[in-house]
Amino acid sequence: MINNYKIGECGERPWGSWRVDNVGRGFAEKTIKVNVNGCLSLQSHKYRSEKWMIVSGDAEVTVNDDKSVLHSGDVVEIPVESIHRLKNIGDDVLVVKEIQLGEILDENDIIRYEDLYGRVQNKK
């Protein structure tokens with residue numbers, strides 16, 4: 001197993017930020033903060049599944065062809081290779097706990113299909 005995340009590692013993105021809270025064999029736990037009107041790219045991951053729990057705020061979540069509106073306490077599972085997106089549709093910062101599970105955990109395991117911020121597309 002490969003886990004390239006480190007506790008305390010963080011990143012700023014056009015949509016908000018993320019921070020690694022915990023890591024272990026086959027998992028990483030992150031806190032994601034999405035700014036008002038922020039939207040992550042439409043993406044998939046080759047090596048990991050994810051589980052999102054909405055801590056606070058209102059989210060629109062896309063997983064493949066399904067769109068859902070989630071609120072504080074709601075949870076969604078994103079299987080490996082599912083095309084997904086997270087969008088803040090509320091009036092406050094959206095806070096999400098993300099659990100990544102997989103044999104290879106790396107921030108670069110992202111295949112982008114659409115991005116509102118013009119970041120490089122790497123659709124394969």
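Colleague: I've got the model open. How much space lies in the largest pocket?

Modeller: About 230 Å³ of space lies in the largest pocket. Keep in mind that this is a predicted model.

Colleague: Which residues lie nearest the centre of that pocket?

Modeller: Look for Trp15, Lys30, Gln43, Glu107 and Ile110, which lie nearest the centre among the 21 residues of the lining. Strands E4 (27–34), E6 (48–56) and E11 (94–102) are the elements that each give two or more residues to the lining. The most comes from E6, with 3 residues.

Colleague: And by class, what does the lining of the largest pocket have?

Modeller: A mix: 8 charged, 7 polar and 6 nonpolar residues.

Colleague: Let's go to the nonpolar core. What's the general idea there?

Modeller: In soluble globular proteins, nonpolar side chains tend to be buried together. In this model, the largest nonpolar core has 20 residues, and Val61 and Leu86 touch the most other members. Two or more residues of this core come from each of the strands E3 (16–24), E4, E6, E7 (59–63), E9 (75–78) and E11.

Colleague: If I click on Leu86, which residues does Leu86 touch beyond four places away in sequence?

Modeller: Quite a list: Ile32, Val34, Gly38, Cys39, Leu40, Trp52, Ala59, Glu60, Val61, Leu94 and Val96.

Colleague: Cys39 is in that list. How many disulfides does the count come to?

Modeller: The general idea is that a disulfide is a covalent bond between the sulfur atoms of two cysteines. In this model, the count comes to 0 disulfides. You can still compare the settings of two cysteines: Cys39 has a relative accessible area of 3%, so it is buried, while Cys10, at 53%, counts as exposed.

Colleague: Now strand E9. Is Val76 buried or exposed?

Modeller: Val76 sits in strand E9. Its relative accessibility is 16%, and because buried means under 20%, Val76 counts as buried. Val75 is also placed in strand E9, but at 47% relative accessibility Val75 counts as partly exposed.

Colleague: Which residues are they in contact with, leaving aside neighbours within four places in sequence?

Modeller: For Val76, the contacts are Glu50, Lys51, Trp52, Val61, Val63 and Leu70. Val75 touches Lys51, Trp52 and Met53.

Colleague: How far apart are the C-alpha atoms of Val75 and Trp52?

Modeller: They are separated by 5.5 Å, with their positions 23 residues apart along the chain. For another pair, take Val76 and Val55: 21 residues apart in sequence, and 12 Å apart from C-alpha to C-alpha.

Colleague: Last topic, backbone angles. What is the phi of Asn37 near?

Modeller: The phi of Asn37 is near 70°, and that is a positive value in a residue other than glycine. Asn37 is in the loop between E4 and strand E5 (42–44). With a relative accessible area of 61%, Asn37 is exposed.

Colleague: Where does Asn64 lie, and what is its phi near?

Modeller: Asn64 lies in the loop between E7 and strand E8 (66–70). Its phi is near 55°, again a positive value in a residue other than glycine. The relative accessibility of Asn64 is 41%, so Asn64 counts as partly exposed.

Note on methods: Residues numbered from 1 in each chain as written. Predicted model: local features only at pLDDT ≥ 70, side-chain atom pairs only at ≥ 80, totals over all residues. Heavy atoms only, no water. Disulfide = S-S within 2.5 Å. Buried < 20%, exposed > 50% of the residue type's maximum accessible area, 1.4 Å probe, protein only. 1 Å grid on protein atoms, 1.4 Å probe; cavity = no way out; pocket = protein on both sides within 12 Å on 5 of 7 lines; lining within 4 Å. Points joined across faces, edges and corners; volume = space filled by probe spheres on them. Helix = DSSP H or I, 4+ residues; strand = E, 2+ residues; numbered from the N terminus. Nonpolar A, V, L, I, M, F, W, Y, C, P; charged D, E, K, R; others polar. Core = buried A, V, L, I, M, F, W, Y, C linked by side-chain atoms within 4.5 Å. Contact = heavy atoms within 4.5 Å.
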